[in-house]
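User: I am new to reading protein structures. Could you walk me through some features, one at a time?

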Amino acid sequence: MLRRLQRLAITGPLMLWAVLTVLWVLSSAGYLSQTVAMVLGFFLALAVAVAMRRLISWPLSRVAETAGQMAEGDLSQTLRVYESDEMGKLAQSLNQMAQRLRATLSLVTEEKNRMQAILDSMADGVIAVDGETRVILINPVVEEAFGLNEEASLGKTVLEVVRDYDLDRLFREALDSGRPVKQELRILTPEPRLFRVHLTPMRGGQRGVVALFRDITERRQLEKMRTEFVANASHELRTPLTSIRGFIEALRDGALEDPETARRFLAIIDEETKRLSELVDDLLQLASIEERRRSFRRQPVELASIIQRVSDTFATRVQQKGLRLRVDLPDDLPPVLGDANLLSQVFHNLLDNAVKFSEKGEIVVRARQENGGVAVEIADNGIGIAPEHLTRIFERFFRADKSRAASSGGTGLGLAIVKHIVEGHGGEVRVTSRLGEGSVFTVILPGHS
Amino acid sequence: MSYRRNFDVELAELKQDILRMASLVEQSIYKAMEALLKQDPLMAKDVITGDDVVDRLRYEVESNCIRLIATQQPIARDLRVIVTGIKILINLERMGDHAVDIARAAMCVCGRMPAKALEKIPEMARRVQLMVKEGLDAYVHGDVEKARVMCAMDDEVDEIYNLTFQSLISYMEQNPHSIPCVVYLLLVTRYLERLADRATNIGEDVIYLVTGEWQELN
């Protein structure tokens, strides 16, 4: 730069002097008028001044401009280096700085992306807050669970983001005590869910807390269902047993002496034993279906023949009760993939219910093609199911009418077995019903393809 | 810390305190309805004893507000923040009381509530809870539009209230033996309707806080 200035300081005025001398000689020799020489001299002087300005300040402003762009974050700029003077060195240093920054930045970005990927793929929710419980990070699990969006949540307090008194209290407790805290919390927004929350104070200088959220709503529900199942099963097993023991005691206490009474009691004991063994069979079947669910035999099955065969076994019972049974199957039903024995169990259980809970009218079995699969409808004019029970009838041991069900002799597992088999085949079972008018059960099984 | 900055921190802390109380009240309403629908007297008791915390918080935060007015003599938006803060506190405290009322009713009907009589009460409760949530969300974000939408939901709640009230009365006519129980359900619908009104009040407060203008939205 300095050298360039020195050079210009000498060459510029010298050139100007030479040109002006030539102009003076020409005008004094009469080749040029004095006015023209003056005008020419003025423009020449102007040209030299502009050239000098450009030569000195243009590279400088170029450097300044690029440095400004770099300062604003655009590191893709490079300066072309023409000379090896100070200006050249400055440009070179700027280029080097930009390159180094680019490398550091890509390193940091890579690190951040890796952290982000880890956070994003975590199954647990993460909320990190600073020393004033302001959110500094949340991951997608938290965004989804609490209906949040990370950008809108950053910088807000945890109380503003997830409005929960206890959660806020836990965060402050962890901050103040510096010790990890864990607790189960039911958080209401947007839907009530149960979380196990672990809060750990940050280490390494920064004040803050990281909280992990694990959604345990489903697990708790399953645990509850399991306990209920054990309780129900024990209860169902105990009822016939109590009755059997009672009658045996009565026999032992003298009823045996009276052949008529003894025979009656034995018949009851026989009935109860049958019920007990049916119950155990159903329980075992349910357990084995649940266990094998993923490994059902899958062979092409003609549903029409299965349904026809099952319906035939009900003919006598239907007649005895004074009902009618109509089976309406089209010829072109596509085959479904499945286990023929299990599928006949499905239709057996549904027809058994239809007959059991109907006192009049007709039972209709209809089948049709639906979305490449088969939909089978079993409709009756029976007692129907109350709307509040509709969602629960597929639960194990659920009975819409407890007094009635006991006399009808079911185990309370029939529909649970139906549901498990159908869902195990990738299908679904639906029900519509009106109290006093009848019910329609629809089994939908996917097609061969 | 400068005088002004100190004041800003105190105003921010005021908002946090209000949100703490709001969360407690939301939980109370939820638990009270759970107690009623699942016939759970323990949960009802929980709501009733929990109200003490809400009341205590209210007095603490309210005296804090009065101290701020006295010592800082706020004007314009600062004053609005404190005044609406006090109003929201009062509304929240009353909402907490309604939750206690519902919990008491739940205890009275426990074990003998005819499921059919419930009618649209669960649906009504869901809407009221949504209104409370949206109202408080509007307060958190200073969202006038959200507050307006929330207040408009009050009409639906009123409609369900009228329908349920009528159907409960006809249920009592048909099942006179259930009157001692269903009367409490009538009260519950009334409390729910009042809760919705309180939520609307909070919506109006939010609009005043942000715009400085009063709007009757009820």
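Analyst: Here is a short tour of strands, cysteines, a pocket, aromatic rings and some backbone angles. This is a predicted model, in which local features need pLDDT of at least 70 and side-chain atom pairs count only at pLDDT 80 or more, while totals for chains, interfaces and linings use all residues. Residues are numbered from 1 along each chain as its sequence is written, chains are lettered from A and ligands numbered from 1 in the order in which they are written, and side-chain values use heavy atoms, with hydrogens and water left out.

User: Let's start with strands. Which side chains of strand E11 of chain A are buried, and which are not?

Analyst: In a regular strand, side chains alternate between the two faces of the sheet. Helices (H or I, at least four residues) and strands (E, at least two) are DSSP runs, numbered from the N terminus. In E11(A), residues 428–434, Val429(A), Val431(A) and Ser433(A) point to one face and are buried. Glu428(A), Arg430(A), Thr432(A) and Arg434(A) point to the other face and are not buried. Here, buried means under 20% relative accessible area, exposed over 50%, and partly exposed in between (1.4 Å probe, protein chains only).

User: Which strand does E11(A) join, and how many bridges are there?

Analyst: Two strands pair if DSSP finds at least two bridges between them. E11(A) is joined by seven bridges to strand E12 of chain A, residues 438–445, and the two run antiparallel. One of the partners to look up is Ser439(A) in E12(A), which bridges to Ser433(A). The two strands form a hairpin with three residues between them, and Gly436(A) in the turn has a positive phi of about 85°.

User: How many disulfides does the structure hold?

Analyst: A disulfide is a covalent bond between the sulfur atoms of two cysteines. The search looks for a pair of cysteine sulfur atoms within 2.5 Å, and over all chains it finds zero disulfides. You can still read how accessible a cysteine is. Cys181(B) is buried because its relative accessible area is 3%, whereas Cys108(B), at 30%, counts as partly exposed.

User: What about empty space? Which residues are closest to the centre of the largest pocket?

Analyst: Rolling a probe the size of a water molecule over the atoms shows where empty space is left. On a 1 Å grid over the protein atoms alone, a cavity is a set of points where a 1.4 Å probe fits but cannot get out, and a pocket is an open set with protein on both sides within 12 Å along at least five of seven lines; lining residues have an atom within 4 Å of a point. Grid points are joined across faces, edges and corners, and a volume is the space filled by probe spheres set on the points. The largest pocket holds about 1,300 Å³ of space. Among its 32 lining residues, Arg186(A), Pro192(A), Tyr30(B), Glu34(B) and Lys38(B) are the closest to its centre. H4(B) gives the largest share of the lining, eight residues.

User: How many aromatic pairs are there, and how do I read one?

Analyst: A pair of aromatic rings is described by the distance of the centres and the angle of the planes. Rings of Phe, Tyr and Trp (its six-membered ring) pair if their centres lie within 6.5 Å; planes under 30 degrees apart count as stacked, over 60 as edge-to-face and the rest as tilted. The whole structure has eight aromatic pairs over all chains. Phe42(A) and Phe43(A) have ring centres 5.5 Å apart and planes at 70°, so that pair is edge-to-face. Both Phe42(A) and Phe43(A) are exposed. Phe247(A) and Phe265(A) are also edge-to-face, at 4.8 Å centre to centre and 65° between the planes. That pair links helix H8 and helix H9 of chain A, with the two residues 18 apart. Phe265(A) is buried at 13% relative accessibility, but Phe247(A) is partly exposed at 22%. Ring pairs also link Phe146(A), Phe195(A) and Phe213(A) into a cluster.

User: Where do Thr133(A) and Asn371(A) lie?

Analyst: Thr133(A) is in the loop between strands E1 and E2 of chain A, and its phi is near 55°, a positive value in a residue other than glycine. Thr133(A) is buried, with 7% relative accessibility. Asn371(A) is in the loop between strands E9 and E10 of chain A. Asn371(A) has a positive phi of about 45° although it is not a glycine, and at 81% relative accessibility it counts as exposed.
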